[in-house]
Amino acid sequence: MRLILLGPPGAGKGTQAERLSKELRIPHISTGDMFREAVASGSPLGLQAKGFMDAGQLVPDDVTVGIVRERLSRSDCRKGFLLDGFPRTVPQAEALEEILADLSESLDAVISIEVPEDVIVRRLSQRRVCGDCGTIYHLETKPPAPNGKCNVCGGDIFQRADDSEETVRKRLEVYRLQTEPLIRYYEKKGLLRRVSGDSDIETVFEETFRVLERV
Ligand code: AP5
C-alpha cells in the first residue's frame with residue numbers, strides 16, 4: 001500500500017505509523033525524523049533544516065522534496081510506503097505526484113488524523129522520544145521505564161526542542177495555513193479517509209486499520 005498520514009503536530013502520526021508500518025510491512029518514511037537525524041549528525045542538510053525546525057517553520061519545499069525523491073527511489077519502497085509528515089504543502093503534494101508518476105506508481109489513500117487543538121498542546125508538552133530507536137512516549141499515557149530509559153532499547157529519552165508551548169503554537173499556525181489545504185486537495189481526488197485521533201492509541205489504530213481494509 002502507498003499511504004500518507006496527514007494531521008496536525010501531535011495528532012499521533014508517528015505513533016500510529018510505528019505500528020502500521022510493522023503490520024503492513026511497509027517502510028515508515030518520516031521527513032521530521034529524517035531532518036532530526038540530519039541535525040544530530042551535523043550534516044549540511046541538518047544545518048540547513050535546524051533553524052526552520054527550531055522556529056516551528058517548514059523546511060523549504062525544494063530541500064524536502066529532494067530527500068523524499070531519493071528515499072522513494074530505494075528498492076524497499078517498491079512494495080509500498082507510509083509517508084508521515086509529507087507532503088505538508090500543495091507544491092509538495094504536486095511534486096509527490098510527479099515522483100510517483102516517474103515510478104509508475106500512485107497513492108492508495110490519505111489518512112487524516114483529526115484531534116482538537118487543546119488536546120494537541122497537552123499531548124506535546126508530555127511527549128518524550130528515545131534518542132536511539134525513536135520510540136515515542138507520553139509521560140502519562142505511554143510512559144518510559146521508571147529509570148527514564150527507553151523500554152525498547154534502553155536508550156536515553158529526551159524532549160524535542162520544538163515541543164515548547166510557544167513553538168507548538170507556531171507549528172499549529174503553520175499547519176493551518178500551509179498543510180490543512182491538503183485535506184481538500186486529497187478529498188477532491190477521492191483519496192481522503194478521516195480518522196478521529198482523540199481516543200486512546202489502540203482505538204485509533206483499530207479505526208485506521210478498519211478504514212484501510214475498505215481501501
Ligand atoms: P514532524 O516530526 O513531522 O512533526 P509534526 O508533524 O509536527 O508531528 P509530530 O511529530 O509533532 O506529531 P505526531 O503527529 O507524529 O504525534 P506523535 O505520534 O509523536 O516535523 C518536525 C519539523 O520538521 C517541522 O516542524 C518542520 O520544521 C520539519 N518538517 C518535517 N516534515 C516537513 C515537510 N514535509 N516539509 C517541510 N518541513 C518539514 O504523538 C504526540 C504525543 O502524543 C506523543 O507523546 C504520543 O505518545 C502521544 N499520543 C499519540 N497518540 C495518542 C493518543 N491516541 N492518545 C494519547 N496520547 C497519544
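In this predicted model, Phe-205 and Phe-209 stand four residues apart in helix 9, and they are therefore separated by about one helical turn. The two residues form an aromatic pair of the tilted kind, with 5.6 Å from centre to centre and 35° between the planes. Their surroundings can be described through relative accessible area: Phe-205, at 6%, is buried, whereas Phe-209, at 23%, is partly exposed. The assignment follows from the cut-off, because a residue counts as buried under 20% relative accessible area and as exposed over 50%, with partly exposed lying in between.

The structure holds two aromatic pairs, and one of them is formed by Tyr-185 and Tyr-186, whose rings are arranged edge-to-face, with 5.0 Å from centre to centre and an angle of 85° between the planes. Both Tyr-185 and Tyr-186 are buried.

The ligand is surrounded by 36 residues, of which Thr-15, Gln-57, Arg-88, Arg-127 and Arg-171 come nearest. When these surrounding residues are sorted by character, the shell is found to consist of 13 nonpolar, 14 polar and nine charged residues. Several polar atoms of the protein can be placed with respect to individual atoms of the ligand. A backbone N or O atom of Gly-12 lies 3.0 Å from an oxygen atom of the ligand, and a polar atom in the side chain of Arg-36 lies 2.9 Å from a ligand oxygen atom. In the case of Thr-31, an N or O atom of the side chain is 2.7 Å from a nitrogen atom of the ligand. The ligand taken alone exposes 1000 Å², and 97% of that area is buried by the protein.

The shell can also be described by the elements that contribute to it. Two or more residues are given by each of helix 1 (13–24), helix 2 (31–41), helix 6 (117–125), strand 6 (136–138) and helix 9 (201–213). Among the contributors, helix 2 gives the most, with four residues. Helix 9, which gives two or more residues to this shell, is also the helix in which Phe-205 and Phe-209 lie.

A further residue considered here is Arg-71, which lies in helix 4, spanning residues 61–72. Although its side chain belongs to the charged class, Arg-71 counts as buried, because its relative accessibility is 12%. When neighbours within four places in sequence are left aside, Arg-71 is in contact with Pro-27, Ile-29, Met-34, Asp-76 and Cys-77.

Technical notes
Residues are numbered from 1 along each chain as its sequence is written. This is a predicted model: local features need pLDDT of at least 70, side-chain atom pairs count only at pLDDT 80 or more; totals for chains, interfaces and linings use all residues. Side-chain values use heavy atoms; hydrogens and water are left out. A residue is near a molecule or strand if one of its heavy atoms lies within 4 Å of it. A polar contact is a pair of N or O atoms within 3.5 Å; within protein, one must be able to donate a hydrogen and the other to accept it, and residues adjacent in sequence count only if both atoms are side-chain atoms. Accessible areas come from the Shrake-Rupley method with a 1.4 Å probe; for residues, only the protein chains shown count as cover. Buried means under 20% relative accessible area, exposed over 50%, partly exposed in between (1.4 Å probe, protein chains only). Contact means heavy atoms within 4.5 Å. Rings of Phe, Tyr and Trp (its six-membered ring) pair if their centres lie within 6.5 Å; planes under 30 degrees apart count as stacked, over 60 as edge-to-face and the rest as tilted.
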